[in-house]
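Biologist: Please take a close look at one part of this protein for me, the nonpolar core, and set it in the context of the whole chain. I would like one connected account that I can follow with the model open beside me.

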Amino acid sequence: MDAQDDERPLIHRLPLQDETSEFTSDGTVDISNLPARKQRTGNWKACFFIIAGEFTESVAFFAIAKNLVTYLTGVLHESNVDAATTVSTWIGTSFFTPLIGAFLADTFWGRYWTIAIFLSVYVTGMMILTGSALLPLLMGLSYNRGIHRLTAYLGLYLIALGSGGIKPCVCSLGADQFDAADPVERVTKASFFNWYYFSVNIGSLLSATVVVWVQDNIGWGLGFAIPTVLMLSGLAVFVAGRKVYRYQRVEGSPLTRVSQVLVAAVRNYHLVLPEDSSALYQVPSPTEGNHCKIQHTSQFRFLDKAAIVAPSSGDGEKVRTSPWRLCTVSQVEELKMVLRMFPVWASMVLFFAATAQMSSTFIEQGETMDNHVGPFTVPAASLAIFDVISVMFCIPIYDKVLVPLARRATGKERGLSQLQRLGVGLALSVAGMVYVALVEARRLSLTHAAPDRQSSMSIMWQAPAFAVLGVGEVFTAIGALEFFYDQSPDGMKSLGTALAQLATAAGNYFNSAVLAAVAAVTTRNGKPGWIPDDLNKGHLDYFFWLMAVLGVVNLLYFLHCSIRYRGNNSSRAYS
């Protein structure tokens, strides 16, 4: 897991600007499209506005996600399996749409405008969802469950679309506020990912306690209205910071550049690769601006055919008028970077399938347990606070204690390598699934021993499972954001962040597929199945054991991939 540890070993850097320069060295500009001044823009003063906007979005998102399964079963009257599948599908969609936002940000609008526009879509969805919760009261005797369901789903999927422009761009815009050519700001940027995730979990904590309590005890209308108002204020705060942000210039569609490499490689398949890679085409194009040339690598050699100058091509300047026939080595290497990350990306899917249980099957399990803790009655969805508290407790320890200690031991800037960090989280997700399977087996044993009594097993037995998965998020969920941002080509940073979000989407979709398959296989011949509406008649523990076994296989796959991973030459060089 150490192959990628060296800090960008493949980059040919041009001489950096003096660290005392008045302007940033990474090509960022201010709101007037002038070179960004270090003292007036960026750094933590800009991140305050960005993180504040993300905080309100996280309150809204988790106010829905953490208790959606209860809304679906209790208000829309869906079954346990259908509700769990719906929650995973909706969360998956919320993390799939970032591909749309990333494309628009990298190609047309830039990160700031993409966030502002999609925040507006998000607020609209929240208003519709809030209205849907009030429909039974407003419609009275003319209430129609079909209209109620349609309105609720319209609001939910507008929210999923709105989150697509926010999730990949907020994190990337925040990282853009730190000059990667400045040694001090580069280290601070690594801390930004930790504290960004910390703010997300503050919002999650508020949702899992205050908002969930309001939803369960006062009403869903007010429970959705509170985060809607917060979202409106978050939009105002985010826009207010526009004058201190640093902006990356839009460099054109990354998908177009990737497609050009694929098409050119196929069209040149009959050409023979030269022995000397320096013979490949490497004249900078106008879109490459102040980027350095990316060093050629020998992996995925077929793609190098896109950079072969055919004997009849004429001079290089004329050749560049046909980018679908000939690409630079740097352009080819961009695609290689994305392909190189894919095996690591695939191993993230099972991790997010495991964490998806916290919004679905964990809550269904908790609703069958004794939720009285002293004089308090704890909603099942509120157990998620242990996930949040775990994250909030571990991030400062990781950032301020573990990283400095590891840095002294390893001599590496980050302390632990990105791949080591990811691997620890994957192992913790397996431990979480094993523990919750044992808890469910014990709960069933107690229930079957005294079938006439209400479950005597306290809901607090779930707390360690949430806590372990929370620690796993500190290592893997945050680590994935940093990994995909850092390892992506310069013009694809939003897309790289979207890949991390896409892993969450794929994990939730995978969880939906497993739930559907389990339901189909285990309910044959009239059997209740593993996850029936009455969990006392099923075997939810078998499902958790299945997830644990899949997690072990996935961890072994990740270890294999991390040993082979050689890192991307993905950094920008500056003049």
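Modeller: The accessible surface of the protein chain comes to about 23,100 Å², and carbon and sulfur atoms hold 65% of that surface. Please keep in mind throughout that this is a predicted model. Beneath the surface, 57% of the 575 residues in the protein chain count as buried, and the chain is built with 17 helices and 2 strands. Among contacts in the protein chain with a separation of 6 or more, 84% are made by residues that stand 24 or more positions apart.

With that background, we can turn to the part you asked about. The largest nonpolar core has 126 residues, and those with the most contacts inside it are Ile-64, Trp-90, Phe-238, Phe-362, Met-433 and Phe-543. Helix 4, which covers residues 98-139, supplies the largest share of this core, namely 12 residues. Because domain 1 (23-251) and domain 3 (340-569) both give residues to this core, it lies between them.

Met-433 is a useful place from which to look around, since it is listed among the residues with the most contacts inside the largest core. If neighbours within four places in sequence are left aside, Met-433 is in contact with Ala-354, Gln-357, Phe-362, Leu-469, Phe-544, Met-547 and Ala-548. One of these partners, Phe-362, is itself named among the residues with the most contacts inside the core.

There is also a second, separate core of 19 residues, and its members include Val-258, Ile-308, Val-329 and Ala-498.

For a contrast with these buried sets, consider Phe-302, which is found in the loop between helix 8 (254-267) and helix 9 (316-319). Its relative accessibility is 42%, so Phe-302 counts as partly exposed. Not counting residues up to four places away in sequence, Phe-302 touches Ala-265, Val-266 and Tyr-269. Of these, Ala-265 is 37 residues from Phe-302 in sequence, while the C-alpha atoms of Phe-302 and Ala-265 are 6.9 Å apart in space.

Finally, a word on cysteines: Cys-47 is buried, with a relative accessible area of 0%, and Cys-169 is likewise buried, with a relative accessible area of 0%. A search of the whole structure nevertheless finds 0 disulfides.

Terms used
Residues numbered from 1 in each chain as written. Predicted model: local features only at pLDDT ≥ 70, side-chain atom pairs only at ≥ 80, totals over all residues. Heavy atoms only, no water. Disulfide = S-S within 2.5 Å. Buried < 20%, exposed > 50% of the residue type's maximum accessible area, 1.4 Å probe, protein only. Helix = DSSP H or I, 4+ residues; strand = E, 2+ residues; numbered from the N terminus. Contact = heavy atoms within 4.5 Å. Areas by Shrake-Rupley, 256 points an atom, 1.4 Å probe, with all protein chains shown as cover. Core = buried A, V, L, I, M, F, W, Y, C linked by side-chain atoms within 4.5 Å. Domains from an automatic or database assignment.
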